[in-house]
Amino acid sequence: MGIRNTIIAMVLEMAEDIATQSENQHLLTKLNSTLVSIVKQEWAVSWNNFISEICQTAQQSQNKCENVLNILKLLSDEVSDFSKNT
């Protein structure tokens, strides 16, 4: 739970500042990927409100909305890859 909250805080902070710090885009992409990995492990068990939480975040600013879309795309790609492998 602590790691999850730390990753979320970092993603939110970096997503807001990304317009002025394009050199951190790679780090934000990695943090998004890490967050998606956490979501895959905890979604059904202890984080079943992830979608509603991330949608609320998207409403805060344009930069956060763009990053939320990136996160959802990563999650969608992961789910698609998983379904192809089963």
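This briefing covers the nonpolar core, helix H2 and the aromatic residues of the structure above. The model is predicted: local features need pLDDT of at least 70, side-chain atom pairs count only at pLDDT 80 or more, and totals for chains, interfaces and linings use all residues. Residues are numbered from 1 along each chain as its sequence is written, and side-chain values use heavy atoms, with hydrogens and water left out.

**Nonpolar core**
- The largest nonpolar core (buried Ala, Val, Leu, Ile, Met, Phe, Trp, Tyr and Cys residues joined through side-chain atoms within 4.5 Å) has 17 residues.
- Those with the most contacts inside this core are Ile7, Val11, Leu35, Val39, Trp47, Phe50 and Ile71.
- The largest share, six residues, comes from H2.

**Helix H2**
- Helices here are DSSP runs (H or I, at least four residues), numbered from the N terminus.
- In H2, the buried residues (under 20% relative accessible area, 1.4 Å probe, protein chains only) are Leu28, Leu31, Asn32, Leu35, Val36, Ile38 and Val39.
- Seen down the axis of H2, these buried residues fall within an arc of 160 degrees (taken from the directions from the axis to the C-beta atoms), so they line one face of the helix.
- His26 and Gln41, on the other side of H2, are exposed, meaning over 50% relative accessible area.

**Aromatic residues**
- Ring pairs (centres of Phe, Tyr or six-membered Trp rings within 6.5 Å) link Trp43, Trp47 and Phe50 into a cluster.
- Trp47 and Phe50 are both buried.
- Arg4 lies over the face of Trp47, 4.1 Å from the ring centre; the cut-offs for Arg are CZ within 6 Å of the centre and within 35 degrees of the ring normal.

How values were computed: Phe/Tyr/Trp six-rings, centres within 6.5 Å; stacked < 30°, edge-to-face > 60°. Helix = DSSP H or I, 4+ residues; strand = E, 2+ residues; numbered from the N terminus.
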